[in-house]
Amino acid sequence: MSKKMDVRLTINGREHHINVSPDRTLAEVIREELHLTGTKIGCDDSNCGVCTILLDGMAVKSCAMLVGQANGCDILTIEGLESAGGLHPLQRAFIDRFSIQCGFCTPGMVLTAKAILDENPKATEEEIRDGLHGNLCRCTGYVQIIEAITDVRDGKYGEA
Ligand code: FES
Ligand code: FES
């Protein structure tokens, strides 16, 4: 393990200064040092997408990034998506459309969906499917997931 270094991460609007080995993954540090366990770890090999977070607004697989690479970055995890105590429209839509079965993929799906709609609020269903290609759902809830995202895109939950 490398010598520890000071890393500054702004997570969900709060700045954290931690002293960690820079070669630990961002996913590990988010979960084990900062106790934000909404970010899941599945394959730990950049294949399943359950560890997706938003890094400076981009959907990133946090198991595939070293914490040292994220130094100074602005991160959003699923815990930061609510605002003023209310669920984000994507969270509400996932609930309403029954887009959650075991829920293990859900934080990564929701954050990837946010990145897709932030970049392209009028994304077509095909573009949404394409944007989600790195996020796997073992419960095969893809139809409901796409329906939830298109509901938000279509303004059924107000401003996303
Ligand atoms: S745990 Fe990161 S992609 Fe699977
Ligand atoms: S809801 Fe179970 S893996 Fe997606």
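**Entry 1: Arg-24**

Is Arg-24 buried or exposed? I began with this residue and noted that the model I was reading is a predicted one. Arg-24 counts as buried because its relative accessible area is 14%, and the cut-off for buried is under 20%. I located Arg-24 in the loop between β2 (14–20) and α1 (26–33).

I then listed what Arg-24 touches, leaving out residues up to four places away in sequence. The list consists of Val-29, Glu-32, Glu-33, Met-65, Leu-66 and Val-67.

**Entry 2: The salt bridges of Arg-24**

I looked up the salt bridges next and found that the structure holds 9. Side chains of opposite charge can pair when their charged atoms come close. Which residues are linked with Arg-24 in a network of salt bridges? I recorded Glu-28, Glu-32 and Glu-33 as its partners in the network.

I took the pairs one by one:

- Glu-28 and Arg-24 form a salt bridge whose closest N and O atoms are 3.5 Å apart. Glu-28 is partly exposed, as its relative accessible area is 25%.
- Glu-32 and Arg-24 form a salt bridge in which the closest N and O atoms are 2.9 Å apart. Glu-32 counts as partly exposed because its relative accessibility is 45%.
- Glu-33 meets Arg-24 in a salt bridge, side chain to side chain, at 2.6 Å from N to O. Glu-33 counts as partly exposed, its relative accessibility being 35%.

**Entry 3: Strand β3 and its partners**

I turned to strand β3, residues 52–55. In a regular strand the side chains alternate between the two faces of the sheet. In β3, I saw Thr-52 and Leu-54 point one way, while Ile-53 and Leu-55 point the other way. All of these residues are buried.

How many bridges join β3 to strand β4? I noted 4 bridges to β4 (residues 58–61), and the two strands run antiparallel. Leu-54 of β3 stands opposite Ala-59 in β4. The hairpin of β3 and β4 has 2 residues between the strands, and within this hairpin Asp-56 takes a positive phi near 50°.

I also found β3 joined to strand β5 (residues 74–76) by 2 bridges, again in an antiparallel arrangement. On this side, Leu-54 stands opposite Leu-76 in β5.

**Entry 4: Asp-74**

I placed Asp-74 in strand β5. Asp-74 counts as partly exposed because its relative accessibility is 42%. Leaving aside neighbours within four places in sequence, I found Asp-74 in contact with Thr-10, Leu-54, Leu-55 and Asp-56. I also looked up the separation of Asp-74 and Gly-155: their C-alpha atoms are 27 Å apart, with the two positions 81 residues apart along the chain.

**Entry 5: Helix α5**

I examined helix α5, which has 12 residues, 142–153. From its first C-alpha to its last, α5 reaches 16 Å, close to the 16 Å expected at 1.5 Å a residue. Which residues of α5 are buried? I listed Ile-145, Ile-146, Ala-148, Ile-149, Thr-150, Asp-151 and Val-152. The cover over the buried residues of α5 includes α2 (89–96), α3 (106–119) and α4 (125–131). After α5 comes Gly-155, whose phi is positive, near 80°.

**Entry 6: Helix α2 and the loop after it**

I found Gln-91 in helix α2. Gln-91 counts as buried because its relative accessibility is 14%. Residues up to four places away in sequence aside, Gln-91 touches Ile-78, Leu-81, Glu-82 and Val-110.

In the loop between α2 and α3, I located Phe-98. Phe-98 is not a glycine, yet its phi is positive, about 55°. Phe-98 counts as exposed, since its relative accessibility is 66%.

Ile-100 also has its place in the loop between α2 and α3. Ile-100 counts as partly exposed because its relative accessibility is 35%. I noted that Ile-100 makes a nonpolar surface patch of about 230 Å² with Leu-87 and Ile-95.

**Entry 7: Ser-46**

I closed with Ser-46, another residue that is not a glycine and has a positive phi, here about 65°. Ser-46 sits in the loop between α1 and β3. Ser-46 is partly exposed, as its relative accessible area is 33%.

Conventions: Residues are numbered from 1 along each chain as its sequence is written. Chains are lettered from A and ligands numbered from 1 in the order in which they are written. This is a predicted model: local features need pLDDT of at least 70, side-chain atom pairs count only at pLDDT 80 or more; totals for chains, interfaces and linings use all residues. Side-chain values use heavy atoms; hydrogens and water are left out. The expected span of a helix is 1.5 Å times one less than its number of residues. Buried means under 20% relative accessible area, exposed over 50%, partly exposed in between (1.4 Å probe, protein chains only). Contact means heavy atoms within 4.5 Å. Patches are made of residues with over 30% relative accessible area and no salt bridge: like charges are joined within 9 Å, nonpolar side chains (Val, Leu, Ile, Met, Phe, Trp, Tyr) within 5 Å. Accessible areas come from the Shrake-Rupley method with a 1.4 Å probe; for residues, only the protein chains shown count as cover. A salt bridge is a side-chain nitrogen of Lys or Arg within 4 Å of a carboxyl oxygen of Asp or Glu. Two strands pair if DSSP finds at least two bridges between them.
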